[in-house]
Amino acid sequence: MEDLALFGGKPVIDYALARYRTVGPEERAAVDRVLASGVLSGFVGAWCDHFHGGPEIRSFEAECATLLGVRHALTVNSNTSGLFAAIGAAGVGPGDEVIVPPLTMSATAMAPLIYGGIPVFVDIEPDTFCLDPQKVREALTPRTRAIIAVNLFGHPAALHELRQLADEKGLILIEDNAQAPLANDQGILTGSIGHIGVYSLNYHKHFHTGEGGICTTNDDDLALRLQIIRNHGENVVEPLAVGNLTNLVGFNYRMTEMSAAVGREQLKKAAGLVDRREYLANRMTAGLSDLPGLTPPKVRDGCRHVYYVWVMRYDESIVGIPRELFCKALGAEGFPVNEGYVAPLYWLPLFQQRIAIGSGGYPFNLSQRRYEQGLCPVAERLHRKELVEFHICSYDVTDADADRLIAAVRKVYANRHRLVALPG
Ligand SMILES: *Cc1c(COP(=O)(O)O)cnc(C)c1O
């Protein structure tokens, strides 16, 4: 067998993987159509017909609602904006607690802070990497107002259980569904099981508009509150005779007509793009499921995983060498992987120093919550020791590429004894 690339052998993948690309002539024609119309945005931040945006926005939202299986789909300019709007619509206020997972993109845990809420980190399941519903139950206090569940890496969190818990306790369940469009749990699409779903249309995601996002809900009142927060709602609460004004200070989270036009084309491709990702991930999983100490992604019974990233769990005690060395050798073979995903978010200075909004930190400093090491041991262990992540969403992986990615892992695995002597 060829020597490891780390020792000068020929890499299994000796060419650059193609960048993931989802836009083509269709999107270009759609943008041309908007430019020709001269209407680049149709929004007005006051109560009139234009409060809900221009023709592309409205058509895109109607098409999103159909594809995503919800009554209301509302565009925003990012998933981050969508999470802020969702926290606002949920009525989170100063000192209210919001349950969040520690392993996710940072915006998930920042969203409660915008309204003076307190992010409460709850540990995740060791195999799905999503919130552990039992631990969520144990973390509830009289101040808990909402739960943000992240369908991490494309796999549904324990959404039905969390929704039941939320309904039982009068909480709002928000799904951060940025990584799991068209995933489902028992046939019901992620993003539609919680009270509010939030999607990203950022260019890293399965389908995109460069920047953008979508909030979904089946609840008419939440939909109205999301619309108000999106678009200078202080100007419309009178004409709409809105009774509860909590958090109804509006922002400008509006999407442009061009982004919506691109989004409409992307939606037509969405199912195919997600199918392709699932197919590739299954191919990789099938090619690597027999190696002791390497555990490919688990799919819970009755769920569809859509693989924003393809992640395996690494067990050093079985493989026999540190994860760092294994990943270094894989990288040399041309298979780009990351050790871990992101560090547990409570390690960020913002949490460690308890200063978020103003130097007084109100209400953050008043929180009894501690963000110490060991708070979420499963997440910490996964980050430090176990996760090996392949950013499948960054590349246009062909079947032949997938087979080489598999071959690279198998080659490193077969030669791992050669790595034992190396210093970490
Ligand atoms: C990408 C991502 C976000 C942020 O999305 P933007 O549209 O870039 O704001 C938030 N949460 C998760 C889980 C993500 O993957």
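Here, a residue counts as near the ligand if one of its heavy atoms lies within 4 Å of it. Keep that cut-off in mind for what follows, and remember that this is a predicted model.

**Around the ligand**

By that cut-off, 14 residues surround the ligand, and the closest are Thr 80, Asp 176, Gln 179, Ser 200 and Lys 205. Three side chains put an N or O atom by a ligand atom, as the table lays out.

| Side chain | Ligand atom | Distance |
|---|---|---|
| Thr 80 | oxygen | 2.5 Å |
| Asp 176 | nitrogen | 2.7 Å |
| Lys 205 | oxygen | 3.2 Å |

On its own, the ligand has 380 Å² of accessible area, and the protein covers 92% of that.

**The sheet**

Now for the strands. Seven of them make up an open sheet with mixed pairing, in the order β1-β9-β8-β5-β4-β2-β3. At the edges sit β1 (72-76) and β3 (118-121), each with a partner on one side only. Going from one strand to the next, the twist averages 25°.

Take one pair from the middle of that order: β4 (residues 144-150) and β5 (residues 172-176) run parallel, joined by five bridges. Within this pair, Ile 147 stands opposite Leu 173 of β5.

**Helices across the sheet**

Which strands does helix α3 lie across? Helix α3 (residues 79-89) lies across β1, β2 (97-100), β4, β5, β8 (196-200) and β9 (213-217), and runs at about 165° to β8. Helix α7 (residues 220-230) lies across β1, β5, β8 and β9, and its direction is at about 15° to β1.

Definitions and conventions
Residues numbered from 1 in each chain as written. Predicted model: local features only at pLDDT ≥ 70, side-chain atom pairs only at ≥ 80, totals over all residues. Heavy atoms only, no water. Pairing = 2+ DSSP bridges. Helix = DSSP H or I, 4+ residues; strand = E, 2+ residues; numbered from the N terminus. Axes fitted to C-alpha atoms, helices over the stretch in contact; angles between N-to-C directions. Contact = heavy atoms within 4.5 Å. Polar contact = N/O pair within 3.5 Å; in protein donor to acceptor, adjacent residues only side chain to side chain. Areas by Shrake-Rupley, 256 points an atom, 1.4 Å probe, with all protein chains shown as cover.
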